[in-house]
Amino acid sequence: MDEQTRLMHSHTGVGMAGHPGLPQHMQDSTGGTDGDGRKQDIGDILQQIMTITDQSLDEAQARKHALNCHRMKPALFNVLCEIKEKTVLSIRGAQEEEPQDPQLMRLDNMLLAEGVSGPEKGGGSAAAAAAAAASGAAAAENSTEHSDYRAKLTQIRQIYHTELEKYEQACNEFTTHVMNLLREQSRTRPISPKEIERMVNIIHRKFSSIQMQLKQSTCEAVMILRSRFLDARRKRRNFNKQATEILNEYFYSHLSNPYPSEEAKEELAKKCAITVAQVSNWFGNKRIRYKKNIGKFQEEANMYAARTAVNAANASSHGSQANSPSTPNSAGGYPSPCYQSDRRIQ
DNA sequence: ATGTATGATTCCGG
DNA sequence: CCGGAATCATACAT
């Protein structure tokens, strides 16, 4: 009995206790029709927004328009504004520091120095002149290589400029495109002018990084060209006939001491239109090669001896010179060159 | 294609 | 730094 009452009580108690829940349930239920509908509505809108990119352009346009006119739009817009307000603050902190890439500056400087990015005409010739000076070559000599170098440099410059222009144009196009897009979108989502500006900056940065690649490869090309040009020193060109004659004349007429002084070298260099270093090279080579095989040079020695004799002696002395220079001093004896010719020229 | 001539470069000793 | 010697790399001749 007790039990029963207790149970009953408890039951009623439970029942009574359970009662307050009823209104909630009822509220839930009744409000549910309305709330569910709204949720459904919002969910639907969000779904439409999320899938709008999957649709065809026309469809998407229509959908967009529909959304734009939707009664929920202002509310959603406000929500977006709020979200934006918060996220933008966090984004703003983590941006805007562009320390003018030192590498980019280096590249720019180099391109300017090489006359690629500088003023058209002057830059090129200046660079060529600089290269010529660097190579230390005589002016009159390898002018063909100069023009070659200049032509290639011009080619590089042209490519560089057209590419740069292309990039510039593409960048501008893309920027205006994006700006239009953003402006249009600003009707449906909150976009401040500042953000547009930021976006433009981002685009510009991207494009300038692309430009940097161009600059880098251009620099590379110039460097390669330059090294080739400088290495062309190694690409030997024989001296012209006149120069070798002058040098040989001096060599065989100073066979006893074929070491021209600095002044003599300078004079020879001037007469042969080559550098003093080249004169030194020539004498170095000549001495060692003459010494190594005197026999081979005998004929040459005779010839120059004869010629200089004729030149020097002119009308006064005559006759007996042609034979004698053939020094019988055939073997070895390299430290003591045949002074014979030397003597007779004197 | 091969060999030789030749200008330039490199290494080394003084 | 200069010159000798060896070597490289190409021009030139065959």
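How far does a polar side-chain atom of Arg289 lie from a base oxygen of DNA strand B? I looked this up first and found 2.6 Å.

Before going on I noted that this is a predicted model, in which local features need pLDDT of at least 70 and side-chain atom pairs count only at pLDDT 80 or more, while totals for chains, interfaces and linings use all residues. Residues are numbered from 1 along each chain as its sequence is written, chains are lettered from A in the order in which they are written, and side-chain values use heavy atoms, with hydrogens and water left out.

Next I looked at the surroundings of DNA strand B, taking a residue as near if one of its heavy atoms lies within 4 Å of the strand. I found 13 residues around DNA strand B, with Arg236, Gln278, Asn281, Asn285 and Arg289 as the closest. Helix H11 (residues 276–292) gives the largest share of this surface, five residues, where a helix is a DSSP run of H or I of at least four residues.

I then checked two further side chains for polar contacts, that is, pairs of N or O atoms within 3.5 Å. For Gln278, a side-chain N or O atom is 2.5 Å from a phosphate oxygen of DNA strand B, whereas for Asn285 such an atom is 2.8 Å from a base nitrogen of the strand. Of the strand's atoms within 4 Å of the protein, 52% belong to sugar or phosphate and the rest to bases.

Last, I looked for disulfides, counted as pairs of cysteine sulfur atoms within 2.5 Å, and the count came to zero.

Technical notes: Polar contact = N/O pair within 3.5 Å; in protein donor to acceptor, adjacent residues only side chain to side chain. Helix = DSSP H or I, 4+ residues; strand = E, 2+ residues; numbered from the N terminus.
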